[in-house]
Amino acid sequence: MTEQIILTTGIYDAIKEQLRRKKVSAEEETRLAAELRGAKQVLRRDLPEDVVTVDRVVTVKDHTANEEQEYIFVASNKAKPKKNKHSILSEIALATVGYKVGDIINWPFRDGERKIEILKVENWEK
């Protein structure tokens, strides 16, 4: 399990803005604020390839529902959920961003606590 999430400065700033604008639940706010305090910020070119960030295809297993799902995380202005392109600031992205393959996260989703495992992270070719 990753002790410290790894984020680009741009993603770090975008999450801080989400918190400032109260765009997340109280439980998510508490969790994200704690993660940001301990986060390692890196340049995009220094971000490991197995870390969840924008423009990556991420396969997760929801152990609570026993389902696997693939998501494409994109910039908020490029999100098209019907085409499986989800904003990097969507609930599932915020739960997994900064984590890497193999990490298991217990996250306070709006519909209740869920256990999510990151199975695969790949670069997304636009």
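A contact here means heavy atoms within 4.5 Å.

**View 1. The fold of the protein chain, from a predicted model.** Here is the whole chain to get you oriented: three helices and seven strands make up its secondary structure. Starting at the N terminus, the elements follow the order β-α-α-β-β-β-β-α-β-β. The radius of gyration is 13 Å, close to the 14 Å given by the globule rule for 126 residues, so the chain is as compact as a globular protein of that length. Its C-alpha atoms fill a box of roughly 35 × 30 × 30 Å along the principal axes.

**View 2. Contacts and burial within the protein chain.** Of the contacts with a separation of 6 or more, 55% join residues 24 or more positions apart. Buried residues account for 45% of the 126 in the chain.

**View 3. The surface and charges of the protein chain.** About 7100 Å² is exposed, and carbon and sulfur atoms supply 46% of that area. You will find 23 positive and 22 negative side chains, with the centres of the two sets 6 Å apart.

**View 4. K22, in the loop between α1 (9-20) and α2 (26-38).** Take a look at the backbone here: K22 is not a glycine, yet its phi is positive, near 55°. Most residues other than glycine have a negative phi. K22 counts as exposed because its relative accessibility is 57%, and the cut-off for exposed is over 50%.

**View 5. N66, in the loop between β3 (56-62) and β4 (67-74).** N66 is another residue to pause at, with a positive phi of about 55° although it is not a glycine. With a relative accessible area of 57%, N66 is exposed.

Key
Residues are numbered from 1 along each chain as its sequence is written. This is a predicted model: local features need pLDDT of at least 70, side-chain atom pairs count only at pLDDT 80 or more; totals for chains, interfaces and linings use all residues. Side-chain values use heavy atoms; hydrogens and water are left out. Helices (H or I, at least four residues) and strands (E, at least two) are DSSP runs, numbered from the N terminus. The radius of gyration is taken over C-alpha atoms; the globule rule is 2.2 Å times the number of residues to the power 0.38. Buried means under 20% relative accessible area, exposed over 50%, partly exposed in between (1.4 Å probe, protein chains only). Accessible areas come from the Shrake-Rupley method with a 1.4 Å probe; for residues, only the protein chains shown count as cover. Lys and Arg count as positive and Asp and Glu as negative; His and the chain ends are not counted. The place of a charge is taken as NZ of Lys, CZ of Arg, CG of Asp or CD of Glu.
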